[in-house]
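Student: Let's zoom in on a single part of this one. Please pick a spot, stay with it, and walk me through its surroundings.

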Amino acid sequence: EGTGSNKAKYVLPRGWTRFALRLDDTRADVLGYWDSWFTVFHGTTREAFNKIVECGYLLQPGAKDLTGEVLKSRDTDTNMRLTRDAVVSRATARMYPNYICVSPSVQYAADTSYAQPFDVDGVSYQVVLQFKIKPGTFIKHQSTLRKTPHNPHIPDSEVEWLTNRHGVLVLYGVLIKEESWDYDKLAA
């Protein structure tokens with residue numbers, strides 16, 4: 001994906017059911033979403049998913065949602081810190097406050113630290129959102145997870161893409177997966 005020196009590997013999200021979201025075709029053509037923007041993923045909770053769909057985009061920590069509630073960073077929320085299997089560098093958090101984190105790796109975004117499983121009729125599911133991100137508007141960063149999900153196509157040193165810019169992420173797909181799905185069996 002991308003053009004010229006702005007190229008990145010797109011890895012098909014196998015094992016997921018994808019629901020396409022309708023975009024403004026004129027805007028997509030003018031801005032070149034399909035020609036030069038990269039595909040990235042963002043794992044989320046069931047509750048956050050509802051807010052993202054209401055707004056139509058990801059909000060940065062500290063922003064207010066449609067109800068006026070201030071969005072907290074999941075990394076600074078005490079309850080999340082106690083249950084999350086992620087180790088977020090304090091230095092990184094100070095360097096990049098109020099940044100949105102996405103990943104070119106669906107496996108990384110689907111880590112249960114981000115895409116927290118929820119039950120429907122006794123079956124556990126995860127939700128990952130699919131975005132296009134404008135080239136030159138993000139910083140590539142190393143994994144902040146204790147155990148980085150394996151993706152042979154994307155180095156751990158570039159698995160998190162951070163942005164603090166508005167309008168550079170375009171939501172165009174919702175991916176849902178039954179939690180028991182095993183990526184390693186697909187790769188074999």
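Tutor: Let's start with the yardstick for burial: a residue is buried under 20% relative accessible area, exposed over 50%, and partly exposed in between, using a 1.4 Å probe and protein chains only. This is a predicted model, so local features need pLDDT of at least 70 and side-chain atom pairs count only at pLDDT 80 or more, while totals for chains, interfaces and linings use all residues. Residues are numbered from 1 along each chain as its sequence is written, and side-chain values use heavy atoms, with hydrogens and water left out.

My pick is strand β7, residues 123–133, where nine of the 11 residues are buried. Strand and helix labels are DSSP runs numbered from the N terminus (E, at least two residues, for strands; H or I, at least four, for helices). Pairing between two strands takes at least two DSSP bridges.

Now for the neighbours of β7. Strand β4 (residues 38–44) pairs with β7 in the antiparallel sense over seven bridges, and along that pairing T39 sits opposite K132 of β7. Strand β10 (residues 169–178) also runs antiparallel to β7, with nine bridges joining them; here V127 has I176 of β10 as its bridge partner. Then there's β6 (residues 118–120), antiparallel to β7 and joined to it by three bridges, with V120 partnered to V123. β6 and β7 make a hairpin with two residues between them. One residue of that turn is D121, in the loop between β6 and β7. Its phi is near 50°, a positive value in a residue other than glycine. And in contrast to the mostly covered strand, D121 counts as exposed because its relative accessible area is 79%.

What does β7 put into the inside? It gives four residues, the largest share, to the largest nonpolar core. Such a core is a set of buried Ala, Val, Leu, Ile, Met, Phe, Trp, Tyr and Cys residues joined through side-chain atoms within 4.5 Å. This one has 16 residues, and V102, I133 and L169 touch the most other members. β4, β5 (100–102), β7 and β10 each supply at least two of its residues. Take V102: leaving aside residues up to four places away in sequence, its contacts (heavy atoms within 4.5 Å) include I133, L169, V40, F41 and W161. A separate core of eight residues has V128, W16, A109 and L175 among its members.

To round off, here are the charged pairs. The whole structure holds two salt bridges, each being a side-chain nitrogen of Lys or Arg within 4 Å of a carboxyl oxygen of Asp or Glu. In one, E158 meets K140, with the closest N and O atoms 3.7 Å apart. E158 is in the loop between β8 (139–141) and β9 (160–163), K140 is in β8, and the two are 18 residues apart. E158 is partly exposed because its relative accessible area is 32%, and K140, at 39%, is partly exposed too. In the other, the side chains of K51 and E69 meet at 3.0 Å, N to O. K51 belongs to helix α3 (residues 46–55), while E69 lies in the loop between α3 and α4 (78–83), 18 residues apart. K51 has 32% relative accessibility, so it counts as partly exposed; E69, at 44%, is partly exposed.
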